[in-house]
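Reader: I'm new to this structure and would like a friendly tour. Could we go through it together?

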Amino acid sequence: MSPPVTYRPAYIGLFASLVLAVTCNAYLDIEYGTFGFEVMFWTTIYFFTLRVAWKQAGQVNEGGRVWQKGWIASVLFFTLVILIPRWGVPRGVLYALAAMQASMNCVTVDRRRFMMALMVSAVMVMFATMHRRADWTMIFYLVPYLFVVVFTLVADQVSGRVREVQRDGVGQNITGGQGASIIATSATLLAVGLALFAVTPQVTWLSLKWKYGQLSNIGILHGTDKGAVGGILESGGAAGG
């Protein structure tokens with residue numbers, strides 16, 4: 001049986017991960033003026049569905065199942081009526097996955113479902129980064145996403161360890177140090193990752209230009225490199241993804 005997840009910071013991290021993942025996809029439509037609405041729409045949905053899960057305190061109850069079934073019916077309706085007709089394939093399918101995760105959030109009360117939700121967020125982020133309208137400015141959403149994912153994983157592990165210690169009857173008053181240990185561990189992991197990134201061949205800091213990946217003219221005064229312009233305008237609105 002998968003261990004229950006009842007630690008609030010872990011749910012906060014999962015919420016931020018899902019919101020930032022769907023924000024990366026909404027960013028692809030930023031030129032059409034729907035970015036703010038899309039982000040607020042998904043933020044509201046993920047907040048209320050994860051709140052349903054957290055209030056169940058690690059054990060699925062009838063209320064959670066009712067919410068899940070209701071969301072599944074809504075997902076099927078919006079996928080056929082709104083998502084696929086508006087965004088087409090594959091982006092409409094990606095948003096359907098995001099909506100389906102909202103229904104699963106209602107019963108995300110154990111570690112197995114918790115990790116599955118994080119994996120869904122990673123799939124959404126990878127899809128966004130590989131899209132033809134993605135450019136280097138998406139990094140302003142990718143970096144916070146990486147941070148909150150690390151924070152979420154550490155928070156889940158720390159809370160699990162605290163439960164084990166308390167179950168053994170040792171250290172009943174150690175919960176006060178959880179926050180500091182989570183932040184310290186997250187910072188250490190990110191620092192190690194940054195160090196590894198720094199010692200490997202990377203794009204130069206001045207021009208961010210390399211023979212692989214997206215080109216950019218950042219750091220070049222009045223410069224315009226071929227292929228450097230991100231977010232090429234397309235006709236037909238957001239349809240067709």
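Reader: Which residues form a nonpolar patch on the surface?

Author: Welcome! This is a predicted model, where local features need pLDDT of at least 70, side-chain atom pairs count only at pLDDT 80 or more, and totals for chains, interfaces and linings use all residues. Residues are numbered from 1 along each chain as its sequence is written, and side-chain values use heavy atoms, leaving out hydrogens and water. A patch here joins nonpolar side chains (Val, Leu, Ile, Met, Phe, Trp, Tyr) within 5 Å, each residue having over 30% relative accessible area and no salt bridge (a side-chain nitrogen of Lys or Arg within 4 Å of a carboxyl oxygen of Asp or Glu). With about 580 Å² of accessible area together (Shrake-Rupley, 1.4 Å probe, only the protein chains shown counting as cover), the patch consists of Leu-97, Met-116, Met-119, Val-123, Met-126 and Met-130.

Reader: Is Met-116 buried, partly exposed or exposed, and why?

Author: Met-116 lies in helix α5, helices being DSSP runs of H or I with at least four residues, numbered from the N terminus. Buried means under 20% relative accessible area, exposed over 50%, and partly exposed in between (1.4 Å probe, protein chains only). Because its relative accessibility is 44%, Met-116 counts as partly exposed.

Reader: Which helix gives the largest share of the largest nonpolar core?

Author: A nonpolar core is a set of buried Ala, Val, Leu, Ile, Met, Phe, Trp, Tyr and Cys residues joined through side-chain atoms within 4.5 Å. The largest one has 47 residues, and α1, α2, α3, α4, α5 and α6 each supply at least two. The largest share, 11 residues, comes from α1.

Definitions and conventions:
Patch = residues over 30% accessible without salt bridge, like charges linked within 9 Å, V, L, I, M, F, W, Y side chains within 5 Å.
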